[in-house]
Amino acid sequence: MPDVIELERAGAAVPIDLMMLLDGVKRKIKAVPAAEYGDLAHESGVSVPTLYSIIADRRIPSIPTLQKLCNHFAITVDLATHKQVMPPVVRPIS
C-alpha cells in the first residue's frame, strides 16, 4: 500500500495511514485565518506557498514538511488516525 508506511519507535513497528495524517494537517491549516499564514509559515518552517498548495491539493508535502507541520500543530499519529492508544477502562463502582 503506497499510503501506509512503517515507522519504528521504541523497537516496535507502527502502521500509519499517511493520507489520514495529511487530512488532519489540512484541517489544522484551514482553521488558521489566511491572514495569519505568514506567522504559521514562520513558526512551522513551511513556506506560505507550500501551505496554500497543500490545502488546495496541488501538492502532497514531503515527509520532512509533514513532520514540521505535525510538530507545530502537535498532531500525533493516534490523534490523526483517530485511534486510541490505551482504551479507557470503565468499571462499575461497587
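**Helix 3 and the nonpolar core of a predicted model**

Thr50 has its place in helix 3, and the model in which this residue is described is a predicted one. With a relative accessible area of 11%, Thr50 is buried, because burial is taken to mean a value under 20%. When neighbours within four places in sequence are left aside, Thr50 is in contact with Arg59 and Thr65. Ser53 is likewise found in helix 3, and its relative accessibility of 16% also falls under the 20% limit, so that Ser53 counts as buried. Residues up to four places away in sequence not being counted, Ser53 touches Arg58 and Arg59. Arg59 is thus a contact of Thr50 and also a contact of Ser53.

These two residues belong to a longer list, since in helix 3 the residues Thr50, Leu51, Ser53, Ile54 and Ile55 are buried. An α-helix has 3.6 residues a turn, so residues three or four places apart point the same way. The cover over the buried residues of helix 3 includes helix 1, helix 2 and helix 4.

The setting of helix 3 can be described from the order of the elements. The protein has five helices and two strands, which run from the N terminus as β-β-α-α-α-α-α. Of the 94 residues in the protein, 30% are buried, while the surface that the protein exposes amounts to about 6,800 Å², with carbon and sulfur atoms supplying 59% of this area. Among contacts between residues at least 6 apart in sequence, 47% join residues that are at least 24 apart.

The largest nonpolar core has 18 residues, and the members that touch the most other members are Val25, Ile29, Leu51, Leu66, Leu69 and Phe73. Two or more residues of this core come from each of helix 1 (18–31), helix 2 (37–44), helix 3 (48–55) and helix 4 (63–73), and helix 1 gives the most, with five residues. Leu69, one of the core members named above, touches Val25, Ile29, Ser44, Val46, Leu51 and Ile54 when residues up to four places away in sequence are not counted.

Helix 2 and helix 4 also meet directly, for their axes come within 9 Å and cross at roughly 105°. This angle lies in the range from 65 to 115 degrees, and the two helices are therefore roughly perpendicular to each other. On the side of helix 2 the contact is made by Leu40, Glu43 and Ser44, and on the side of helix 4 by Lys68, Leu69, His72 and Phe73. By class, these residues comprise three nonpolar, two polar and two charged ones.

Two residues in loops were examined for their backbone angles. Most residues other than glycine have a negative phi. Asp57, which follows helix 3 and lies in the loop between helix 3 and helix 4, has a positive phi of about 60° although it is not a glycine. The relative accessibility of Asp57 is 55%, and this residue counts as exposed because the value is over 50%. Ala74, placed in the loop between helix 4 and helix 5 (77–80), has a phi near 55°, which is again a positive value in a residue other than glycine. At 54% relative accessibility, Ala74 also counts as exposed.

Technical notes. Residues are numbered from 1 along each chain as its sequence is written. This is a predicted model: local features need pLDDT of at least 70, side-chain atom pairs count only at pLDDT 80 or more; totals for chains, interfaces and linings use all residues. Side-chain values use heavy atoms; hydrogens and water are left out. A nonpolar core is a set of buried Ala, Val, Leu, Ile, Met, Phe, Trp, Tyr and Cys residues joined through side-chain atoms within 4.5 Å. Buried means under 20% relative accessible area, exposed over 50%, partly exposed in between (1.4 Å probe, protein chains only). Helices (H or I, at least four residues) and strands (E, at least two) are DSSP runs, numbered from the N terminus. Contact means heavy atoms within 4.5 Å. Axes are lines fitted to C-alpha atoms, for helices over the stretch in contact, and angles run from 0 to 180 degrees between N-to-C directions. Angles under 35 degrees count as roughly parallel, over 145 as roughly antiparallel, 65 to 115 as roughly perpendicular and the rest as oblique. Ala, Val, Leu, Ile, Met, Phe, Trp, Tyr, Cys and Pro count as nonpolar, Asp, Glu, Lys and Arg as charged, and the others, Gly among them, as polar. Accessible areas come from the Shrake-Rupley method with a 1.4 Å probe; for residues, only the protein chains shown count as cover.
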